[in-house]
Amino acid sequence: MASDDHFEGLKGIPFWWEAAAPENIPFSNPGTRYDVAVIGGGYTGLSAALTLAKAGHSVVILESEKPGFGASSRNGGMIGNLLKPGLNGLIGMYGQEKGIAVYKEALASVAFIKQRISEEDIECDLTMNGRFYPAVQRSHLASMTQDFEARQKHLNVPEEMVGPADYAEDVDSAIYKGGLRQHHTGGLHPAKYASGLANAAIRAGATLMVPVRAEKISRTSDGFTLKTSGPEIKSRQLLIATNGYSGALFPFVQRRVIAIGSTMIATEELSENLVTSLFPTKRMITDTRKMLSYYRPSPDGKRILLGGRPTVFQASPLQQAKALKRRLTSIFPQLKTSAVSHVWSGKVAYGFNALPTIGQHDGIYFAMGYCGSGVAMSGYLGHKAALQILDHPDGETAFDDLPFEDRIYYNGTPWFLPPAMIGYKIRDYFGY
Ligand SMILES: Cc1cc2nc3c(=O)[nH]c(=O)nc-3n(C[C@H](O)[C@H](O)[C@H](O)COP(=O)(O)OP(=O)(O)OC[C@H]3O[C@@H](n4cnc5c(N)ncnc54)[C@H](O)[C@@H]3O)c2cc1C
């Protein structure tokens with residue numbers, strides 16, 4: 001058990017907010033009529049608004065809290081391109097041509113985020129040192145290898161499989177059976193990225209209304225009227241970018257997206273030598289458990305941040321911090337006596353096919369469901385949604401015609417999560 005003195009002074013806010021807390025940006029003289037209203041001020045909504053404003057559209061972003069307040073300033077900042085079903089899974093689900101096309105977009109999202117950060121000059125500690133996916137079980141290594149071989153055959157991905165004796169450059173932990181090393185991905189400071197995107201959208205001419213909650217959508221002859229916690233807004237077009245924070249505003253989405261909590265901890269400042277010895281190449285790490293752990297060094301190389309779903313049922317931040325600290329120590333026994341300084345949670349969103357989704361229903365556009373891997377994909381699909389609104393041919397994506405499924409037993413309350421997670425824990429325990 002972690003001792004209580006490792007949690008003294010524990011802060012219940014994201015570590016990232018120490019350097020870039022989401023800010024209330026005061027808006028003055030807002031209009032009431034826009035070409036496009038975007039609901040949700042995370043990476044998806046901000047990226048869409050940036051693209052729309054640059055194309056000369058008048059656009060308003062309604063954010064019920066502060067820009068980036070949702071998952072976008074709370075995540076691990078790990079840029080990745082692995083889709084949950086894997087390439088073999090996608091080919092099995094949708095056929096070879098479509099499966100490959102979808103996967104190519106995941107790769108494109110990594111190129112896109114790099115380009116956008118560079119074009120908009122966003123200072124967000126971006127480093128492309130790669131990512132390592134360590135296999136917790138030999139069976140995981142075998143299935144990873146199969147998907148790796150499929151990607152090598154069909155896509156030109158700069159990655160390699162490494163065996164149990166060959167991952168010392170990625171992470172100094174003895175518990176893994178090898179893993180997948182990627183060279184073209186990396187990490188950033190998520191809250192700085194969110195703030196940079198918000199400023200870029202405003203610079204381009206978008207209006208950011210915070211804190212303004214969209215409460216009701218009504219259709220009019222020429223678009224939509226939004227009842228909000230602030231002014232009433234009229235727009236010709238509408239994009240929903242609320243992901244894991246969607247609620248009941250748009251029932252079509254509510255019945256198709258499952259919000260799941262994810263929690264992170266940050267350690268106290270450690271010696272830089274210790275952090276460098278644990279992460280020699282500063283790669284981002286995500287393991288292969290069903291209840292997976294993801295972890296990384298902080299951008300300044302002084303702390304370690306680790307995330308996952310620590311408990312099946314609701315628990316206090318302290319209990320969650322203790323559970324995640326136990327995970328951290330199981331990976332790095334060297335950190336047994338290190339204190340935890342921050343614990344925080346946020347919500348991710350899953351669709352039933354475990355893939356991101358973009359589309360429109362009844363003339364309302366949406367992009368969401370990144371399954372906990374949205375740092376690159378959310379900005380990319382936000383941009384694509386904006387291009388679709390603009391009726392630009394580049395708005396087309398392989399995700400367009402994938403089914404956005406509902407279930408007869410689901411109306412927005414994920415009652416099935418606790419039993420599913422207990423099942424996952426059992427599988428993790430027995431290693432299958
Ligand atoms: C703890 C954690 C760790 C993660 N780690 C990673 C990672 O390392 N790598 C990775 O790729 N992905 C990660 N993710 C996922 C990633 O953060 C998300 O996929 C991404 O941020 C989604 O962006 P978004 O803009 O779609 O949603 P969000 O950033 O969640 O934004 C949605 C916004 O909508 C607003 N909103 C909701 N309803 C309304 C309304 N009615 N009116 C106005 N505003 C509303 C909310 O306030 C919120 O700010 C993580 C997520 C979490 C929570």
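**Exercise 1. Which residues of the largest nonpolar core touch the most other members?**

Solution. The model is a predicted one, and the exercise begins with its core. The largest nonpolar core holds 110 residues, and those that touch the most other members are Ala37, Val38, Ala49, Ile61, Leu197, Ala201 and Leu239. Next, take Ala201 and list its contacts, leaving aside residues up to four places away in sequence: Ala201 touches Leu46, Ala49, Leu50, Ala53, Ile61, Ala206 and Leu208.

**Exercise 2. Determine which strands pair with E11, and in which sense.**

Solution. Begin with the strand itself: E11 spans residues 233–240, and 6 of its 8 residues are buried, so that it is mostly covered. Then take the partners in turn.

- Strand E1 (residues 33–39) pairs with E11 in the parallel sense over 6 bridges, and within E11 it is Leu238 that stands opposite Ala37.
- Strand E18 (residues 364–368) also runs parallel to E11, joined by 3 bridges, and Ile364 in E18 stands opposite Leu238.
- Strand E10 (residues 223–228) runs antiparallel to E11, again through 3 bridges; Phe224 has Ser235 in E11 as its bridge partner, and a hairpin of 4 residues joins E10 to E11.

Leu238 thus recurs in two of these steps, facing Ala37 and Ile364 in E18.

**Exercise 3. Work out the strand order of the open sheet of 8 strands and identify which strands stand at its edges.**

Solution. The order is E5-E6-E4-E13-E14-E15-E12-E16, and the pairing is mixed. Strand E5 (159–162) and E16 each have a single partner strand, so one side of each is left without a neighbour in the sheet, and these two stand at the edges. Between neighbouring strands the average turn is 20 degrees, direction ignored. At the E16 end, E12 and E16 run antiparallel and are joined by 10 bridges, with Val348 in E16 as the bridge partner of Ile260. Finally, helix H5 (residues 138–154) lies across E4, E5 and strand E6 (179–182), and runs at about 155 degrees to E5.

**Exercise 4. Describe the shell around the ligand by its nearest residues, its secondary structure and its chemical character.**

Solution. Of the 44 residues around the ligand, those that come nearest are Gly42, Gly70, Gly76, Gly346 and Gly374. Turning to the elements, at least two residues of the shell are supplied by each of helix H2 (43–54), strand E12 (258–267) and strand E16 (340–350). By character, the shell divides into 16 nonpolar, 23 polar and 5 charged residues.

**Exercise 5. Asp121 and Asn243 have positive phi values; decide whether each is buried or exposed.**

Solution. Asp121 has phi near 55 degrees, a positive value in a residue other than glycine, and lies in the loop between helix H4 (96–119) and strand E4 (131–134). Because Asp121 has 9 C-beta neighbours inside 10 Å, it counts as exposed, the cut-off being 12 or fewer. Asn243, likewise not a glycine, has phi near 40 degrees and is found in the loop between E11 and helix H7 (251–254). Because Asn243 has 29 C-beta neighbours inside 10 Å, it counts as buried, for which 20 or more are required.

**Exercise 6. Locate the cis peptide bond that involves Pro211.**

Solution. The bond runs from Val210 to Pro211 and is cis, with omega near -15 degrees. Pro211 has its place in the loop between strand E8 (207–209) and strand E9 (214–220).

Note on methods:
Residues numbered from 1 in each chain as written. Predicted model: local features only at pLDDT ≥ 70, side-chain atom pairs only at ≥ 80, totals over all residues. Pairing = 2+ DSSP bridges. Near = placed C-beta within 6 Å. Nonpolar A, V, L, I, M, F, W, Y, C, P; charged D, E, K, R; others polar. Core = buried A, V, L, I, M, F, W, Y, C linked by C-beta atoms within 7 Å. Contact = placed C-beta atoms within 7 Å. Axes fitted to C-alpha atoms, helices over the stretch in contact; angles between N-to-C directions.
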